[in-house]
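Take a look at the structure shown here. This report walks through its empty spaces, its helix contacts and two points on its backbone.

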Amino acid sequence: MTVVPRLVLSAPSSGHGTSAVALGLLAAFADRGLDVAGFKVGPDQIDAGYLGLAAGRPGRTLDARLVGPGRVPALFAHGAADAGLAVVQGTMGLYDSVAGQPETESTAAVAIALRSPVVLVVDVAAMGQSVAALLHGFRAYDEQLWLGGVILNRVASPRHEALLREALDDVGVPVYGAVRRHELPPVLPARRHGLVPVIGRDADALRAVRRLGEAVAATLDLDRLLTLARSAPAVPGEPWSPQPAEPVPAGGEAPPVIAVAGGPGGDYGPAETTELLRAAGAEVVRVDPLRDEALPAGTAALVVGGGLPESYAEQLSANRRLCIAVAELARTGRPVLAEGAGLLWLARELDGLPMCGVLDAVGVSRDGLVVGYRAATARTDSVLAPAGATVVGYKEHRAVLTPRAGQAPAWSWDGGAPEGFVWRGVHASQLTVRWAGYPEIGARVVAAARAGAVLGTPA
């Protein structure tokens, strides 16, 4: 059992301002000197990255589909260790699930699993007394849910606020603050920039988070919110640990150096990936695909997480020295794992721009967005998984690759053609896999890095 003061922020649906309020709360409490931690329900690494920027520690995702419902409280307790407050930002509406399994994957399900109070953020710009019926319905829908109160967003005037408060008082729903229209402006960098502003600790991103913190501190009752958070009971179960099931044998050899794509503000993959690699005995060193011209000295493996944005093709292509170094690492059979846009970086070209040339494939950006979960089966023995292993992964991309798969594909799933590439030590796919759900991956990658083995099908 782990005691962590915590709040889950959700909304009736998308677009009510939950993201801005969550970031503002973390920034406001951090400014008070409180050690805070941020989490995002679902697979969205971008939102999690900004929560981490506001909190000053890695933001993490809580996705029951990708790691299994039973691991969600454990991963939360691990990521919130020693925090004075944890804020969990919901996804979609409180009871919604993109995959149609709200009983395990909705924000409400996560809040119940964490035994956490929920504060609903509601856009009341076009609402009056009906807000009471809305909140009463959300509270009554599931008796297991702890609805702790509401934050009113886009309030029109003092008179409007008084009307709303009176209506909510009649149904016994506490109000933790009222935010006027335009007090939470859309100040964050555009999502097409992905995690780059977070990874690079961009001045505009830091300024945006600070502004949201100031707005929240001026409009919400932080003391009452912290009191609510501290009333949460202990988180059930034990915290997740990245330590492998079998201890890493002690030896005189130096730990293998594994380069992980990232920058001063974090990695392009989940924090648990790096933690698993270190726990398995690796020395993890970051390499910035946009700025660094060489791999770290002694690199024995490279891991490129799915958060590398597709929109930076020109910068990736322009960094020719690093492209050549990555191609040479792959040619020698060293493990190279690339997910999401990392696959595109390994291709011959993307939108006519030369990339690393590891894979004989061409990427082209399109307008439509491919998004969704996939229950996948490994088609080829690789650094990531043995043939026949099954995982649940997530896809979110615009660019498509031709061919879609190599002679030795990485994955297959129902309703789709084989996808991805396994070649020598390379495993590349637009499917992202949360290693926290399959912790044996970390040990496999470190073992392959130590051995320098060629695991995949040769060209």
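A cavity is a set of points on a 1 Å grid over the protein atoms alone where a 1.4 Å probe fits but cannot get out, and a pocket is an open set with protein on both sides within 12 Å along at least five of seven lines; lining residues have an atom within 4 Å of a point. Grid points are joined across faces, edges and corners, and a volume is the space filled by probe spheres set on the points.

The model is predicted: local features need pLDDT of at least 70, side-chain atom pairs count only at pLDDT 80 or more, and totals for chains, interfaces and linings use all residues. Residues are numbered from 1 along each chain as its sequence is written, and side-chain values use heavy atoms, with hydrogens and water left out.

**Empty spaces**

The whole structure holds 4 cavities of 30 Å³ or more. The largest cavity contains about 130 Å³ of space. It is lined by 15 residues, and Val 303, Val 304, Gly 305, Glu 339 and Trp 435 are the closest to its centre. Helices (H or I, at least four residues) and strands (E, at least two) are DSSP runs, numbered from the N terminus. Two or more lining residues come from each of α12 (271-279), β11 (299-304) and β12 (336-339). β12 gives the most, with 3 residues.

The second largest cavity has a volume of about 50 Å³. Its lining includes Thr 61, Glu 272, Arg 434 and Trp 435.

The second largest pocket holds about 530 Å³. Of its 30 lining residues, Pro 58, Gly 265, Gly 266, Asp 267 and Ala 271 are the closest to the centre. At least two lining residues come from each of several elements, including α2 (45-55), α12 and β10 (283-287).

The table sorts each lining by class. Ala, Val, Leu, Ile, Met, Phe, Trp, Tyr, Cys and Pro count as nonpolar, Asp, Glu, Lys and Arg as charged, and the others, Gly among them, as polar.

| Lining | Nonpolar | Polar | Charged |
|---|---|---|---|
| Largest cavity | 9 residues | 5 residues | 1 residue |
| Second largest cavity | 5 residues | 1 residue | 2 residues |
| Second largest pocket | 11 residues | 10 residues | 9 residues |

**Helix contacts**

Axes are lines fitted to C-alpha atoms, for helices over the stretch in contact, and angles run from 0 to 180 degrees between N-to-C directions. Angles under 35 degrees count as roughly parallel, over 145 as roughly antiparallel, 65 to 115 as roughly perpendicular and the rest as oblique. Contact means heavy atoms within 4.5 Å.

The axes of α7 (residues 130-141) and α8 (residues 158-170) come within 8 Å and cross at roughly 40°. The two helices are therefore oblique to each other. Val 131, Ala 132 and Leu 135 of α7 make the contact with Leu 164, Ala 167 and Leu 168 of α8. By class, this contact has 6 nonpolar, no polar and no charged residues.

α2 and α10 (residues 203-219) pack at about 75°, with axes 10 Å apart. These helices are therefore roughly perpendicular to each other. Here Tyr 50, Leu 53 and Ala 54 in α2 meet Ala 205, Leu 206 and Val 209 in α10.

**Two backbone points**

Which peptide bond is cis? The bond from Thr 402 to Pro 403 is, with omega near -5°. Pro 403 lies in the loop between β18 (400-402) and β19 (411-413).

His 182 is not a glycine, yet has a positive phi of about 75°. His 182 sits in the loop between β7 (175-180) and α9.
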